[in-house]
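Got the model open in your viewer? Here's a short tour, with something to select at each stop.

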Amino acid sequence: MRKLRTAVLAFGVTAAVVGGGSAGAPAAQAAATWKAFDKNCVTVIAGGGAIAGSVCAQVQKRVTDTGSTNGYRARVTVTPAAGHSLKPTTHTWSSDGATNQICTGGCAPQTSEWTSAWTPVKTSSGTYTARGEVFGSSSIFSVSASWSDWTQIAKKCVSEAAGKLCVYRHERAYRDTYEERAKLTVAPSAGNWLEPRWVRVGIVSDGVDSHETRDLCDPSCTRRTVTWSATVSRTIGNIGSTYQLYASAQVALPSGDVELIKASLSG
């Protein structure tokens, strides 16, 4: 599953070029400021159940004066409890999946609060995960912060006389979990309506279908006469040796027919 998720989430949104300029002249660079994006802390438990301290992962985003984001950086802070040592080891960004040492040549065990240097700047959003160990113990720790953008994995559109229906499957990393989302979009043609019934996201893993469905007729169905969309999401479950990742939806048409559309990816 890790290999699949890494491949899927390696597609980040590349930061747009900032500024403009005439041909042959360098573009003007907008000022950028580092701002808080996400911070997540966990308690570290040593062997025997004793509290060995806490660890926090922190991610900042670089925001230009025009409001766009063009970079992300992260660091980890360890706060050992009295009598314990915490040793940071590696970090990973979900946007590329590469594992790197937190300290060149390895970090020393820390007996008091310690904060790492900022990572090199990433131009794509993603989850930052820092790992380490309770020194002198078999216990390890892991803490994640930030999230990736929703990445489109599959898409299916159907054109009817009453309009166009599309369903999309999206995925992203959110801290230390992975999420899946289905999005339904209806675009009725002039003078017509489309009636969304439900939208679903799920996985068929080794023949077992697991999914989350949003009832769009609760408390009642609504006939849409303008472009409209709805989503449903959940945490991704296990993926077996054979699988189908999908998003689906049902929409009623003025003709009396009910259209079922499905976007999927199989492996």
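Start by selecting Pro-219, in the loop between strand 13 (208-215) and strand 14. This is a predicted model, and here it has a cis peptide bond, running from Asp-218 to Pro-219 with omega near 10 degrees. Most peptide bonds are trans.

From that loop, move on to strand 14 (residues 228-235), which pairs with strand 11 in the antiparallel sense over eight bridges. To see one facing pair, pick Thr-235 in strand 14 and Glu-179, which stand opposite each other.

Now show strand 10 (residues 163-174) alongside strand 11 (residues 177-188): they run antiparallel, joined by 12 bridges. His-170 has Arg-181 of strand 11 opposite. Follow the hairpin to its turn, where two residues sit between the strands and Arg-175 takes a positive phi near 50 degrees. Arg-175 is partly exposed, because its relative accessible area is 23%.

For another backbone oddity, jump to Ser-146, in the loop between strand 8 (140-145) and strand 9 (151-160). Its phi is positive too, near 80 degrees, in a residue other than glycine. Is Ser-146 buried or exposed? Ser-146 is buried, at 0% relative accessibility.

Last stop: Thr-77 in strand 3 (residues 69-80). With a relative accessible area of 15%, Thr-77 falls under the 20% cut-off, so it counts as buried. Show the side chains of Thr-77 and Thr-115 and you'll find a polar contact of 2.9 Å joining them. Then display what else Thr-77 touches beyond four places away in sequence: the list includes Ser-54, Val-55, Cys-56, Glu-113 and Trp-114.

Terms used
Residues numbered from 1 in each chain as written. Predicted model: local features only at pLDDT ≥ 70, side-chain atom pairs only at ≥ 80, totals over all residues. Heavy atoms only, no water. Pairing = 2+ DSSP bridges. Helix = DSSP H or I, 4+ residues; strand = E, 2+ residues; numbered from the N terminus. Buried < 20%, exposed > 50% of the residue type's maximum accessible area, 1.4 Å probe, protein only. Polar contact = N/O pair within 3.5 Å; in protein donor to acceptor, adjacent residues only side chain to side chain. Contact = heavy atoms within 4.5 Å.
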